[in-house]
Amino acid sequence: MKKIFSIALTICALIITSSAFANNKIISTMFVVECNESITLRDAPSIYANELAQIPLGQAVGFIENAGNGFYKINYDGIVGYALAQYLSADRSGSPIGGTVVNCKISITLRAEPAVTAAELMQIPLGERVTVYHYEDTEDFFCVRYRGVKGYVLKTYIRTDDQNYR
């Protein structure tokens, strides 16, 4: 009788373990979008749950399932947890791209609005890296973030990492 009980217990444990792994199967790739710098990966689908990691803007994650309550269950760098669905998109076009300041002598001007007459926020030195929000650009300006400050720079002064986007 003990042997049968032991076998039954082992089978139940295997079924539970395999179903837990099935619930962590990645279905598709999604990208972190429309946040300032990063989003929080949590251990439960709640904004009050414990933080497991910060996921940077533009980072790819593995989508597992819609957890409800405005959260997706995801895999980030091997860590399974929950993130707010509003900051995840299957469309990478909502993801920023990297860029480098070029075509100037010393620095370029980061402006508050996409206009050469707009208020100056700061100078960005030649060769510095910026985050380009290409989905927010205008005909002549890129929307960029540099050292935590978001603003606009003339496109002629930025070489983007994405060769297809200029």
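**Note on the cores and strand β11**

1. The largest nonpolar core of this predicted model has 20 residues. Those with the most contacts inside the core are Val-32, Ile-39, Ile-55, Val-61, Tyr-72, Ile-74 and Leu-88.

2. Six elements are listed as giving two or more residues to this core: β1 (28-32), β2 (38-42), β3 (51-56), β4 (60-68), β5 (71-76) and β12. The largest share, three residues, comes from β5.

3. Val-32 deserves a look. Leaving aside neighbours within four places in sequence, Val-32 is in contact with Ile-39, Ile-55, Pro-56, Leu-57, Gly-58, Gln-59, Tyr-87, Leu-88 and Ser-95. Ile-39, Ile-55 and Leu-88 also appear among the core residues with the most contacts.

4. Another core lies apart from this one. That core has 13 residues, among them Val-101, Ile-108, Ile-124 and Val-130.

5. Val-130 leads to strand β11 (residues 129-132). Side chains alternate along β11. Val-130 and Val-132 point to one face and are buried. Arg-129 and Thr-131 point to the other face and are not buried.

6. Which strands does β11 join by bridges? One is β8 (residues 97-101), antiparallel to β11 and joined to it by four bridges. Here Ile-97 stands opposite Val-132. Another is β12 (residues 141-146), also antiparallel, with two bridges to β11. In β12, Arg-145 is the bridge partner of Thr-131.

7. Strand β12 thus appears twice in this note: it gives two or more residues to the largest core, and it is bridged to β11. Strand β11 holds Val-130, a residue of the 13-residue core.

Note on methods. Residues numbered from 1 in each chain as written. Predicted model: local features only at pLDDT ≥ 70, side-chain atom pairs only at ≥ 80, totals over all residues. Heavy atoms only, no water. Buried < 20%, exposed > 50% of the residue type's maximum accessible area, 1.4 Å probe, protein only. Pairing = 2+ DSSP bridges. Core = buried A, V, L, I, M, F, W, Y, C linked by side-chain atoms within 4.5 Å. Contact = heavy atoms within 4.5 Å.
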